Amino acid sequence: GGSRVPAAMAEAMGRDRARLDRGVLIRTLYHPTACFNGPGQACVAELSARGAEDRTLHERFVRLIIVDLETAFIPAPGHDGQGAILISEPPVVAYLYDIFELAWTHARPFVDATGRAMEAVSRELHRTILRLLADGLKDEAIARRLGMSLRTTRRHVADILSELNVSSRFQ
């Protein structure tokens, strides 16, 4: 998603540093827009230097925390990201882990959005949007699926149509 509150980011960084220093493996999936966020880039760089692994995934992926393949946390519905549901049923945790692994294999390495890297992120995003357009999704559905604003999605769609020199989605 978008940028995080600086105080929350600082608190999370402290926890993550301590975990990484104890040898905990931390793998994080980000939306590609995180590549354009300066403070986020700095956090990823610091944590990666300590052993964290980070990738980007164009499809929206709901926040999920799995601990020791025994416990999982998912967002509590209707709490604006302020609550979580603890899951400790082994088959459910295993299922969530499998979903994460599948998403991880489709994700791309996190790159700072500078120069060529920014062009690659933009091209990959446009390919994803083009695939969703071909599937018949409307802008609103694409925006929800990719976790971006409707306005940004429409700007990308307009860029793609212009790039392809077409005047309609059907073309």
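The exercises below, each with a worked solution, concern a predicted model.

**Exercise 1. Packing of α1 and α2**

Describe how helix α1 packs against helix α2, and state which residues meet in the contact.

Solution. Begin with the geometry: two packed helices are described by the angle between their axes and the distance between the axes. For helix α1 (residues 6-21) and helix α2 (residues 38-49), the angle is about 10° and the axes lie 11 Å apart. Since angles under 35 degrees count as roughly parallel, α1 is roughly parallel to α2.

Next, take the residues in contact. From α1 come M9, M13, D16, R17 and L20, and these meet P39, G40, C43, E46 and L47 of α2. Sorted by class, the contact of α1 with α2 comprises 6 nonpolar, 1 polar and 3 charged residues. Two of the residues named in this contact, R17 and E46, also belong to a network of salt bridges that links R17, D21, E46 and R50.

**Exercise 2. Salt bridges around D139 and R154**

Determine which salt bridges D139 and R154 take part in, which parts of the chain they link, and whether the residues are buried or exposed.

Solution. A search of the whole structure gives 11 salt bridges, and the three treated here can be followed as a chain of partners.

Step one is the pair R154 and D139, whose side chains meet in a salt bridge with an N to O distance of 3.5 Å. R154 belongs to helix α6 (residues 150-163) and D139 to helix α5 (residues 139-146), and the pair, 15 residues apart, links distant parts of the chain.

Step two adds R169, which forms a salt bridge with D139 in which the closest N and O atoms are 2.4 Å apart. Because R169 lies in the segment after α6 while D139 is in helix α5, this pair ties together parts that are 30 residues apart in sequence.

Step three returns to R154, which also forms a salt bridge with E140, the closest N and O atoms being 3.0 Å apart. Here E140 lies in helix α5 and R154 in helix α6, so the pair ties together parts that are 14 residues apart in sequence.

Step four compares accessibility, for which buried means under 20% relative accessible area and exposed means over 50%, with partly exposed in between. D139, at 9%, therefore counts as buried. R154 has a relative accessible area of 41% and is partly exposed, R169 is partly exposed at 44%, and E140 is partly exposed at 36%.

**Exercise 3. Two sheets and helix α3**

Work out the strand order and pairing of the two open sheets, and describe how α3 lies across them.

Solution. As background, strands of a sheet pair through backbone hydrogen bonds, either parallel or antiparallel.

Consider the sheet with the order β1-β2-β6, an open sheet of 3 strands with mixed pairing. Its edges are β1 (27-30) and β6 (108-109), each with a single partner strand, so one side of each is left without a neighbour in the sheet. Between β1 and strand β2 (residues 53-56), which run parallel, there are 4 bridges, and Y30 stands opposite T56 in β2.

Turn then to the sheet with the order β3-β4-β5, in which 3 strands form an open sheet with antiparallel pairing. Its edge strands are β3 (65-67) and β5 (84-87), each pairing on one side only. On average, and with direction ignored, neighbouring strands of this sheet are turned by 20° against each other. The pairing of β3 with strand β4 (residues 71-75) is antiparallel over 3 bridges, and I65 stands opposite F73 in β4.

Finally, place the helix. α3 lies across β1, β2 and β6, running at about 65° to β1, and α3 also lies across β3, β4 and β5, where the angle to β4 is about 65°.

**Exercise 4. The setting of L102**

Locate L102, and state whether L102 is buried or exposed.

Solution. L102 is found in helix α3 (residues 90-106). With a relative accessible area of 52%, L102 is exposed, because the cut-off for that class is over 50%. As for its position relative to A134, the two residues are 32 residues apart along the chain, and their C-alpha atoms are separated by 23 Å.

Note on methods. Residues numbered from 1 in each chain as written. Predicted model: local features only at pLDDT ≥ 70, side-chain atom pairs only at ≥ 80, totals over all residues. Heavy atoms only, no water. Axes fitted to C-alpha atoms, helices over the stretch in contact; angles between N-to-C directions. Parallel < 35°, antiparallel > 145°, perpendicular 65-115°, else oblique. Contact = heavy atoms within 4.5 Å. Nonpolar A, V, L, I, M, F, W, Y, C, P; charged D, E, K, R; others polar. Salt bridge = Lys/Arg side-chain N within 4 Å of Asp/Glu carboxyl O. Buried < 20%, exposed > 50% of the residue type's maximum accessible area, 1.4 Å probe, protein only. Pairing = 2+ DSSP bridges.
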